[in-house]
Amino acid sequence: MKEMTPLERYYNKFNEDKRLNTRHGQVEFITSLKYIHEYLKGKDNPRILDVGAGTGRYSIELAKEGYEVTAVELVQHNAGRIKQKAERLGLNVKVYKGNAINLKKLQNEEFDMVLVFGPMYHLGKTEDRVLALKEAKRVLKPDGVILAAYIMNEYSVISYAFKENNINQCIKDGRLSSDFHTTASEDELYHFVRLEDMELFNELAGLKRIKVIAADGPANYIRPVLNGLDEEGFKHFLEYHLATCERPDLMGASGHTVDILMKDRI
């Protein structure tokens with residue numbers, strides 16, 4: 001039997017559905033869906049590709065809404081869970097085990113929208129991130145849209161280094177550059193970016209930004225506060241967040257961002 005990778009071992013234990021159903025996870029999920037719907041508007045029978053689909057939170061939801069969805073997932077355990085959910089709900093979701101940097105089972109210009117909501121968290125090399133974007137671009141129709149999600153550098157520094165009091169050890173271990181950019185080794189599970197990193201990936205992949213959104217804004221910093229709100233208070237937080245999630249001054253410190261992209265050149 002082939003030995004599991006560290007990523008596969010991690011996701012065999014990590015419950016992504018549970019995270020997205022928490023209050024802070026709901027903020028990210030609701031916001032991402034809002035923009036998915038916005039950029040699907042007006043398209044006839046759009047086809048959606050979910051790359052790095054996890055356990056299918058987005059794939060299953062979009063299939064429930066009637067969209068034609070294909071899910072690609074690296075971790076076999078996760079791919080199996082998507083299939084089980086789809087079968088249980090009577091949904092037609094095509095599921096492939098595959099890698100974001102080589103979508104070899106998929107043809108050129110097949111999809112109206114490509115979601116890349118997991119891979120950029122885990123790909124450590126710039127060239128691999130660019131390859132993932134180029135593959136998404138290859139299978140995208142000429143007028144299609146890519147949504148690529150990232151975890152932001154400042155969220156990591158503020159929450160892990162300072163809030164959890166790991167800053168001294170991070171400095172000692174050389175895990176932060178002189179300007180406080182994280183310097184994770186390529187084989188670590190999570191990797192964090194700044195807006196200028198994302199802009200470089202887009203340029204190298206031949207993609208043009210339509211807009212970038214703060215998918216969860218401050219939600220990850222105030223988890224206990226969100227959990228303590230009643231339903232009306234949480235509703236108002238969502239209203240606040242959706243009204244401000246495109247503001248440039250909130251982008252860098254958001255826990256997650258979503259870069260909304262179109263083809264710039266072939």
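Author: Let's start with one term: a residue is buried when its relative accessible area is under 20%. Keep in mind that we're looking at a predicted model.

Reader: Okay, so how do I use that on a cysteine? Is Cys170 buried or exposed?

Author: Cys170 has 7% relative accessibility, so it counts as buried. Cys245 goes the same way: its value is 1%, which means buried again.

Reader: How many disulfides does the structure hold?

Author: For that you look for cysteine sulfur atoms within 2.5 Å of each other. Here the number of disulfides is 0.

Reader: Let's zoom out. How many helices and strands does the chain have?

Author: There are 13 helices, along with 7 strands. To judge how they pack overall, you can set the radius of gyration against the globule rule. The chain comes out at 18 Å, close to the 18 Å the rule gives for 266 residues, so it is as compact as a globular protein of that length. Along the principal axes, its C-alpha atoms fill a box of roughly 50 × 45 × 40 Å.

Reader: And what share of the residues counts as buried?

Author: That's 49% of the 266 residues. Contacts give you another view: look at those with a separation of 6 or more, and 76% of them join residues 24 or more positions apart.

Reader: What about backbone angles? Which residue in the loop between β3 and β4 should I look at?

Author: Try Glu109, which sits in that loop, between β3 (93-97) and β4 (111-116). Glu109 isn't a glycine, yet its phi is positive, about 50°. Partly exposed covers the range between 20% and 50%. Glu109 is at 41% relative accessibility, so it belongs there.

Reader: Where does Phe180 lie?

Author: Phe180 is in the loop between α9 (167-172) and α10. Phe180 also has a positive phi without being a glycine, at about 65°. With 34% relative accessibility, Phe180 counts as partly exposed.

Reader: Now pockets. What is the volume of the second largest pocket?

Author: About 200 Å³. To read a pocket, go to the residues that line it. This one has 13, and the closest to its centre are Gly124, Arg129, His181, Thr182 and Phe192. Two elements, α7 (126-138) and α10 (195-205), each give two or more residues to the lining.

Reader: Which element gives the largest share of that lining?

Author: That's α10, with 3 residues. Sorted by chemistry, the lining of this pocket has 5 nonpolar, 6 polar and 2 charged residues.

Notes
Residues are numbered from 1 along each chain as its sequence is written. This is a predicted model: local features need pLDDT of at least 70, side-chain atom pairs count only at pLDDT 80 or more; totals for chains, interfaces and linings use all residues. Side-chain values use heavy atoms; hydrogens and water are left out. On a 1 Å grid over the protein atoms alone, a cavity is a set of points where a 1.4 Å probe fits but cannot get out, and a pocket is an open set with protein on both sides within 12 Å along at least five of seven lines; lining residues have an atom within 4 Å of a point. Grid points are joined across faces, edges and corners, and a volume is the space filled by probe spheres set on the points. Helices (H or I, at least four residues) and strands (E, at least two) are DSSP runs, numbered from the N terminus. Ala, Val, Leu, Ile, Met, Phe, Trp, Tyr, Cys and Pro count as nonpolar, Asp, Glu, Lys and Arg as charged, and the others, Gly among them, as polar. Buried means under 20% relative accessible area, exposed over 50%, partly exposed in between (1.4 Å probe, protein chains only). The radius of gyration is taken over C-alpha atoms; the globule rule is 2.2 Å times the number of residues to the power 0.38. Contact means heavy atoms within 4.5 Å.
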